[in-house]
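Let's take a walk through this model together, looking at its bonded cysteines, its charged side chains and its surface.

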Amino acid sequence: MPFSNSSDLNPHFILASIPGLEAAQAWMAVPLCSAYLLAVTGNGAVLLVVRAEPSLHAPMYFFLCMLAAIDLALATATVPRILSFYWFDSREISFGACLLQMFLIHTLSAIESTVLLAMAVDRYVAICHPLRHAAILTNAATAKIGLLAMARGVLFFLPLPLLLLPLPFCGSRALSHSFCLHQDVMNLACANTTPSMVYGLTAILLVMGLDAILICLSYILILKAVLRLAAWRERLKVFSTCIAHICVVLAFYVPLIGLSVVHRFGKDLAPLVHIIMGNIYILVPAVLNPIIYGVRTKQIQRRILSFI
């Protein structure tokens, strides 16, 4: 949607609608709302179960609680705003609200990436150094890792909105998603965005990129340790303790990589692709993570069934 050529001191952005389906957006929001409610229910159940079950008061499950809290925060920072747009046609979002939403999305994603790395290290220590696991990953160490993950996410991604804050926006302000992302907002600025682009790419590579490399390295070491075991049954039993974490890592990184590829190289793709990839990135981890760990963890299954 075109705007005046003069820079606005308080610009508003236009959230992307589903192309060709604007009249049916209220109905299209139903599966989105259902997925959000499923994410809230599933992650809330994980938090309640771990809190109520003393046998789950261990580092791996504390990390799982961190993931659940992050997924709840990320979904809540985006989905209610999308639903208000779909149901009440509230298409405009203020510059300040857009920057805040963008900061929350990128920071929470960075924190989740760090927690996934910590969980990979937990699996590595538990399998490769089982006698030292309790001494290395204590509850106090787990809490410190959580605080470090939060500080890392905030410090790396706080500059993103600050770099966009002084830029003028004097042309089209139509976003390609139903929420605000750094790359999307930056592309609408009518000024030199090289510092913002370089910093954004650097931050992603130093956080998500580095975490992905270290997670892969952890599993290479785990696989080497597992293959040294004599019996195949024992190998499968040990490696099966990593299956849930591997699935959660894939549920986080595959949508992240897909969204990054769409932003960097998909300018000629249909707008619907951008919207779908954005919604997948926000909701897939939040919906799948509690299901994955609920299926793989018998204690969580039993406790949830007792609530029912």
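## A patch on the surface

I220 has a relative accessibility of 48%, so it counts as partly exposed. This isoleucine sits in helix α8, which covers residues 194-227. Together with L210, L214, L217 and L221, I220 makes a nonpolar surface patch of about 390 Å². Please keep in mind that this is a predicted model.

## Charged side chains

Helix α8 also brings us to the salt bridges, of which the structure holds two. In one of them, D211 pairs with R152, and the closest N and O atoms are 2.9 Å apart. This pair links distant parts of the chain, with D211 in helix α8 and R152 in helix α5 (residues 139-157), 59 residues apart. Both D211 and R152 are buried.

The other salt bridge joins D122 and R123, whose closest N and O atoms are 3.1 Å apart. D122 is buried, with a relative accessible area of 1%, and R123 counts as buried at 11% relative accessibility.

What about E112, a residue of helix α3 (residues 95-128)? E112 is buried but has no salt bridge, and the nearest side chain of opposite charge, R152, is 12 Å away. Leaving aside residues up to four places away in sequence, E112 touches L67, I70, D71, F252, P285 and N289.

## Cysteines, bonded and free

The structure holds two disulfides, and here they are side by side.

| Disulfide | S-S distance | Sequence separation |
|---|---|---|
| C98 and C180 | 2.0 Å | 82 residues |
| C170 and C190 | 2.0 Å | 20 residues |

C98 lies in helix α3 and C180 in the loop between α6 (159-164) and α7 (182-186), so this disulfide ties together parts of the chain that are 82 residues apart in sequence. The torsion about its S-S bond is about -120 degrees, so the disulfide of C98 and C180 is left-handed. Both of these cysteines, C98 and C180, are buried.

In the other disulfide, C170 belongs to the loop between α6 and α7, while C190 belongs to the loop between α7 and α8. C170 is buried, with a relative accessible area of 17%, whereas C190 is partly exposed at 35%. With the bonded cysteines numbered in sequence order, the pairing reads 1-3, 2-4.

Which cysteine sulfur is nearest to that of C65, a residue in no disulfide? The sulfur of C247 is, at 19 Å from C65. C65 counts as buried at 15% relative accessibility. C242 is in no disulfide either, and the nearest cysteine sulfur, that of C128, is 8.9 Å away. C242 is buried, with a relative accessible area of 0%.

Terms used:
Residues numbered from 1 in each chain as written. Predicted model: local features only at pLDDT ≥ 70, side-chain atom pairs only at ≥ 80, totals over all residues. Heavy atoms only, no water. Patch = residues over 30% accessible without salt bridge, like charges linked within 9 Å, V, L, I, M, F, W, Y side chains within 5 Å. Areas by Shrake-Rupley, 256 points an atom, 1.4 Å probe, with all protein chains shown as cover. Salt bridge = Lys/Arg side-chain N within 4 Å of Asp/Glu carboxyl O. Helix = DSSP H or I, 4+ residues; strand = E, 2+ residues; numbered from the N terminus. Buried < 20%, exposed > 50% of the residue type's maximum accessible area, 1.4 Å probe, protein only. Lys, Arg positive; Asp, Glu negative; His and termini not counted. Contact = heavy atoms within 4.5 Å. Disulfide = S-S within 2.5 Å.
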